[in-house]
Amino acid sequence: MLLFSVISAGTAYSADPFRSPSPEQALFFAHPGCLYDNPQEILSLKVTSKNRTEEVKDLGKLPYHGTDGSGNWSKRISCIRVGKNIHKVEAYSKPDFKGDKHEYGPGNHDISGSWEDDRISSLKIIMVKDKEKPAEKKEPAKKKTTKKKK
């Protein structure tokens, strides 16, 4: 299940709460430099499923209410912050994971001025796979030896 929210306005912050996403979270900003005039200009997506991959097939279905107008999140993203447990975010220029594709790993990505700026219409968020436990070393089976009678 993908949890998403548009951060609600009306809260005063002494420090930027959106500087670093949680390990399983990706933050998407409508303005370059991951800046925002109000918290409703931030889309927060968090991976919570067992399969460790979540998809947003059409950002046009997610409402946007920022100081620069209302509408939806399609073709509005200019900056991305990706949590450390996310392997990558795949961004597509068209709904249903079609069109041009670009990948973002953990960290901050100001995409203003690049082809992706205000062109992203669908997303895939892929978590880091759980570390595999090292295989236990098994001792080779001992052969039974029988003494030959002389």
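Helices and strands are DSSP runs, numbered from the N terminus. In this predicted model, the chain reads β-β-β-β-β-β-β-β-β-β-β along the sequence. That pattern comes from 11 strands and 0 helices. The chain has 150 residues, and 37% of them count as buried.

**Confidence**

- The mean pLDDT of the chain is 79. A value of 70 or more is reached by 73% of the residues.
- Residues 1-15 have a pLDDT below 50. Beyond near neighbours in sequence, this stretch still has 38 contacts in the model.
- Residues 132-137 also stay under 50. For them the model has 0 contacts beyond four places in sequence.
- Where pLDDT is low, the predicted coordinates should not be read in detail.

**Contacts along the chain**

- Take the contacts with a separation of 6 or more. Residues 24 or more positions apart account for 68% of them.

**Nonpolar cores**

- The largest nonpolar core has 23 residues. Phe28, Leu59, Val89 and Leu123 have the most contacts inside it.
- Five elements give two or more residues to this core: strand E2 (25-29), strand E3 (42-47), strand E7 (79-82), strand E8 (86-94) and strand E11 (122-127).
- A second, separate core has 5 residues, including Leu27, Phe29, Ile42 and Cys79.
- In soluble globular proteins, nonpolar side chains tend to be buried together.
- Leu59 belongs to the largest core. Leaving aside residues up to four places away in sequence, Leu59 touches Leu43, Asn72, Trp73, Ser74, Ile77, Ile120, Ser121, Ser122 and Leu123.

**Strand E2 and its partners**

- Strand E2 is mostly covered, with 5 of its 5 residues buried.
- In a regular strand the side chains alternate between the two faces of the sheet.
- Both faces of E2 are covered. Gln25, Leu27 and Phe29 are buried on one side. Ala26 and Phe28 are buried on the other.
- E2 runs antiparallel to E3, and 5 bridges join the two. Across this pairing, Gln25 stands opposite Lys46 in E3.
- E2 also runs antiparallel to E7, joined by 4 bridges. Here Leu27 has Arg81 in E7 as its bridge partner.

**Serine 44: a polar residue inside**

- Serine 44 is found in strand E3.
- Is serine 44 buried or exposed? Its relative accessible area is 6%, so serine 44 is buried, because buried means under 20%.
- The side chain of serine 44 makes a polar contact of 2.6 Å with the side chain of glutamine 25. Glutamine 25 is itself buried, on one side of E2.

**A four-stranded sheet**

- An open sheet of 4 strands has the order E4-E11-E8-E9. Its pairing is antiparallel.
- Why is one side of E4 and of E9 left without a neighbour in the sheet? Strand E4 (53-56) and strand E9 (98-104) stand at the edges, and each has a single partner strand, so one side of each stays unpaired in the sheet.
- On average, neighbouring strands of this sheet are turned by 15° against each other, direction ignored.
- E8 and E9 pair over 5 bridges in the antiparallel sense. Among the paired residues, Lys94 has Lys98 in E9 as its bridge partner.
- Two strands of this sheet, E8 and E11, also give residues to the largest nonpolar core.

Definitions and conventions. Residues are numbered from 1 along each chain as its sequence is written. This is a predicted model: local features need pLDDT of at least 70, side-chain atom pairs count only at pLDDT 80 or more; totals for chains, interfaces and linings use all residues. Side-chain values use heavy atoms; hydrogens and water are left out. pLDDT is the predictor's confidence in each residue, from 0 to 100. Contact means heavy atoms within 4.5 Å. A nonpolar core is a set of buried Ala, Val, Leu, Ile, Met, Phe, Trp, Tyr and Cys residues joined through side-chain atoms within 4.5 Å. Buried means under 20% relative accessible area, exposed over 50%, partly exposed in between (1.4 Å probe, protein chains only). A polar contact is a pair of N or O atoms within 3.5 Å; within protein, one must be able to donate a hydrogen and the other to accept it, and residues adjacent in sequence count only if both atoms are side-chain atoms. Two strands pair if DSSP finds at least two bridges between them. Axes are lines fitted to C-alpha atoms, for helices over the stretch in contact, and angles run from 0 to 180 degrees between N-to-C directions.
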